[in-house]
Amino acid sequence: MKLAGLKSIENAHEDSVWAATWVPATDDRPALLLTGSLDETVKLWRADELDLVRTNTGHSLGVAAVAAHPSGIIAASSSLDSFVRVFDVDTNATIAVLEAPPSEVWGMQFEPKGTILAVAGGSSASVKLWDTASWRLISTLSIPRPEAPKPSDKTSSKKFVLSVAWSPNGKRLACGSMDGTICIFDVDRSKLLHQLEGHNMPVRSLVFSPVDPRVLFSGSDDGHVNMHDAEGKTLVGSMSGHTSWVLSVDASPDGGAIATGSSDRTVRLWDLKMRAAIQTMSNHNDQVWSVAFRPPGGTGVRAGRLASVSDDKSVSLYDYS
């Protein structure tokens, strides 16, 4: 696999762009790129030209994360205003507004079948699960905190949950915390199975392999990208190359590669057989907050796409084959 720069839009937003994901194709349209920014807006872009389709408003503070339903019909944005807005992709009509206490809506992802939206609960040290039929809170998966911390012990505050990821079969949910730990939950039983270790700084991003539900990738402020056996509780490998925080990680649809975005202003492509970075892209001149591979599917799709977004307000699109 090799990346080639396709197009970059400078000043795609009026402030830092923190979030990006792909809205899957439907029968009526191809996949769209969804971006969220500190300028309080969410924008939709055409997949090949990066033409702006629509700008969505509705938040009163910056957008921290975006997520797309597997149907491609609805999407969600979480904001520093402590609300999650669920909206119709094609009409921008608001479907639901989910409210949380301050500092409790961060990363989020729809379950692969689309029945649940998982939201990283930040300072509540939990993951909230919302039913997508009723938009009611159906479960709270809590992260174990240290027992009876001393006044000088700051570890309890480090259980701040930043990131979530569903396994491809929807049976497991992973969440990453500020202290570097990753918790694996059995969703059906609302049970914490185990914790994965290997990072010593915040875990900003998680993604399961699309071809092996046991394999989980994590990106951390410690500069490493770790590969875990999420069932066997083992660290399979650790990849390094970034010179600063790893802010985002995503897996290619064929499961053969991952891409990462970092505070070192680069996007890196990693070959999983070699377990090494095989390409570095320097399209951005500030922190790269999110990278996202376009999902397969849709008519007329001939080439792969990877998107990246940055504090420099830009959106970049890459071709890969």
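**Exercises on rings, sheets and cysteines**

**Exercise 1.** Work out how many aromatic pairs this predicted model holds.

*Solution.* The count comes to 3 aromatic pairs, where rings of Phe, Tyr and Trp (its six-membered ring) pair if their centres lie within 6.5 Å, and where planes under 30 degrees apart count as stacked, over 60 as edge-to-face and the rest as tilted. One of them joins Trp 18 and Trp 289, whose ring centres are 5.2 Å apart and whose planes meet at 40°, which makes the pair tilted. Trp 18 belongs to strand 2 (residues 17-23) and Trp 289 to strand 26 (residues 288-293), so the pair ties together parts that are 271 residues apart in sequence; strands here are DSSP runs of E, at least two residues long, numbered from the N terminus, whereas helices are runs of H or I of at least four residues.

Next, consider accessibility, for which buried means under 20% relative accessible area, exposed over 50% and partly exposed in between (1.4 Å probe, protein chains only). Trp 18 counts as partly exposed because its relative accessibility is 22%, while Trp 289, at 16%, counts as buried.

A further pair is formed by Phe 293 and Tyr 320, edge-to-face, with 5.3 Å from centre to centre and 90° between the planes. This pair links distant parts of the chain, since Phe 293 lies in strand 26 and Tyr 320 in strand 28 (residues 315-320), 27 residues apart. Both Phe 293 and Tyr 320 are buried.

Two notes on method belong here. Residues are numbered from 1 along each chain as its sequence is written, and side-chain values use heavy atoms, with hydrogens and water left out. In this predicted model, local features need pLDDT of at least 70 and side-chain atom pairs count only at pLDDT 80 or more, although totals for chains, interfaces and linings use all residues.

**Exercise 2.** Describe the open sheet with the strand order 2-3-4-5, and say which strands stand at its edges.

*Solution.* The sheet has 4 strands with antiparallel pairing, and two strands pair if DSSP finds at least two bridges between them. Strand 2 and strand 5 (52-56) each have a single partner strand, so one side of each is left without a neighbour in the sheet. From one strand to the next, the twist averages 20°. Strand 2 is joined to strand 3 (residues 32-37) by 6 bridges, and the two run antiparallel; Trp 22 has Leu 33 of strand 3 as its bridge partner.

**Exercise 3.** Describe the open sheet with the strand order 14-15-16-17.

*Solution.* This sheet also has 4 strands and antiparallel pairing, with strand 14 (161-166) and strand 17 (191-196) as edge strands that pair on one side only. The twist averages 25° from one strand to the next. Strand 14 pairs with strand 15 (residues 172-177) over 5 bridges in the antiparallel sense, and the partner of Trp 166 in strand 15 is Leu 173.

**Exercise 4.** Explain why Cys 183 and Cys 175 are not bonded to each other.

*Solution.* The structure holds 0 disulfides, a disulfide being a pair of cysteine sulfur atoms within 2.5 Å. The sulfur of Cys 183 has its closest cysteine sulfur in Cys 175, but the two are 4.8 Å apart, which is too far for a bond. Cys 175 counts as buried because its relative accessibility is 0%, and Cys 183, at 0% relative accessibility, counts as buried as well.

Conventions
Axes fitted to C-alpha atoms, helices over the stretch in contact; angles between N-to-C directions.
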